[in-house]
Amino acid sequence: MSCDKDAKQPIEDKKQYKKETDNMEEIKTQEGVLVLKAMPEFKAEAFNAATGHYVEVNSEDYKGKWTVVCFYPADFTFVCPTEIAAMNAAKPFLDELGVEVLAVSTDTKFSHKRFVETEPLLKDLKLTIAADPTGEISRKFGVMIEGAGIALRGRFLVNPDGVIVAQEVQAPPVGRSVKEFLRQIIAHQHAHETGVVCPANWRPGKKTLPVNTDAEPMTGNVGAYVSLNDLIDEADVKEMEEMVKASK
């Protein structure tokens with residue numbers, strides 16, 4: 001049974017897949033984990049760097065859309081502008097994928113405007129940055145550092161059903177990878193649209209795994225569908241090797 005053939009399962013399989021996340025009131029995850037939960041509701045003032053104007057953003061604006069809500073600690077810091085610039089560089093690809101992006105920090109909208117206007121890395125910025133000076137939005141997403149008045153580096157991917165499907169939270173010293181996040185978005189979109197599931201390191205062109213109504217044939221036998229080389233090929237190994245060597 002080939003994986004390509006199995007990836008095209010009857011629509012019943014997709015329905016089965018979606019059924020698991022349709023009833024949000026039944027989803028129970030640990031405190032602080034928002035994956036498989038509805039995106040928190042919020043409203044905030046923001047600075048739209050593309051137009052140079054202040055705007056109001058509302059969680060309702062993102063309903064029915066793939067959305068990224070990306071928190072960062074503060075304006076006028078060091079790692080933060082690199083992350084914002086990297087996300088902005090990926091915006092054409094995100095636009096092509098139909099993904100909305102909202103950056104958020106606990107600074108005011110006035111600080112956001114000045115930050116964008118003075119930081120060289122943010123020249124030609126096209127993103128909207130929401131102001132969360134009270135920390136209300138940061139708390140709803142579980143990324144507020146109480147006592148410090150800033151948010152952790154939290155990044156959340158929300159599907160068109162309003163469900164958070166990916167959550168990444170890091171401490172302030174290290175920036176996040178836009179390249180890896182783009183891969184995750186494409187994988188989640190593919191799984192959402194087709195009902196298949198994506199194995200480790202999946203990217204377009206790689207094998208997926210079918211979602212069977214009867215999981216027994218695959219149980220303990222995933223190797224019949226994908227090989228280790230499908231998960232990590234020679235190019236991946238070389239890239240990891242070079243990365244580790246460079247760190248020494």
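**Exercise 1.** Determine how strand 8 and strand 9 pair, and what lies between them.

*Solution.* Step 1: Strand 8 (153-158) and strand 9 (164-170) pair in the antiparallel sense over six bridges. Strands are DSSP runs of E with at least two residues, helices are runs of H or I with at least four, and both are numbered from the N terminus; two strands pair if DSSP finds at least two bridges between them. The model is a predicted one, in which local features need pLDDT of at least 70 and side-chain atom pairs count only at pLDDT 80 or more, while totals for chains, interfaces and linings use all residues. Residues are numbered from 1 along each chain as its sequence is written, and side-chain values use heavy atoms, with hydrogens and water left out.

Step 2: Phe156 has Gln167 of strand 9 as its bridge partner.

Step 3: Five residues separate the two strands of this hairpin, and Gly162 in the turn has a positive phi of about 80°.

**Exercise 2.** Describe the pairing of strand 1 and strand 2.

*Solution.* Step 1: Strand 1 (43-48) pairs with strand 2 (53-58) in the antiparallel sense, over six bridges.

Step 2: Ala46 has Val55 of strand 2 as its bridge partner.

Step 3: The hairpin has four residues between its strands, and Gly52 in the turn has a positive phi of about 80°.

**Exercise 3.** Place these strands in their sheet, and state which strands stand at the edges.

*Solution.* Step 1: The open sheet has seven strands in the order 2-1-5-4-3-8-9, with mixed pairing.

Step 2: Strand 2 and strand 9 stand at the edges; each has a single partner strand, so one side of each is left without a neighbour in the sheet.

Step 3: From one strand to the next, the twist averages 25°, where axes are lines fitted to C-alpha atoms, for helices over the stretch in contact, and angles run from 0 to 180 degrees between N-to-C directions.

Step 4: Strand 3 (residues 66-71) runs antiparallel to strand 8, joined to it by four bridges; Val68 has Leu157 as its bridge partner there.

Step 5: Helix 5 (residues 109-118) lies across strand 1, strand 2, strand 4 and strand 5, at about 20° to strand 1.

**Exercise 4.** State what the record of confidence values shows for the chain.

*Solution.* Step 1: The average pLDDT (the predictor's confidence in each residue, from 0 to 100) is 88 for the protein chain, and 85% of the residues score at least 70.

Step 2: Over residues 1-22 the pLDDT is below 50, although this stretch has 31 contacts in the model beyond near neighbours in sequence; contact means heavy atoms within 4.5 Å.
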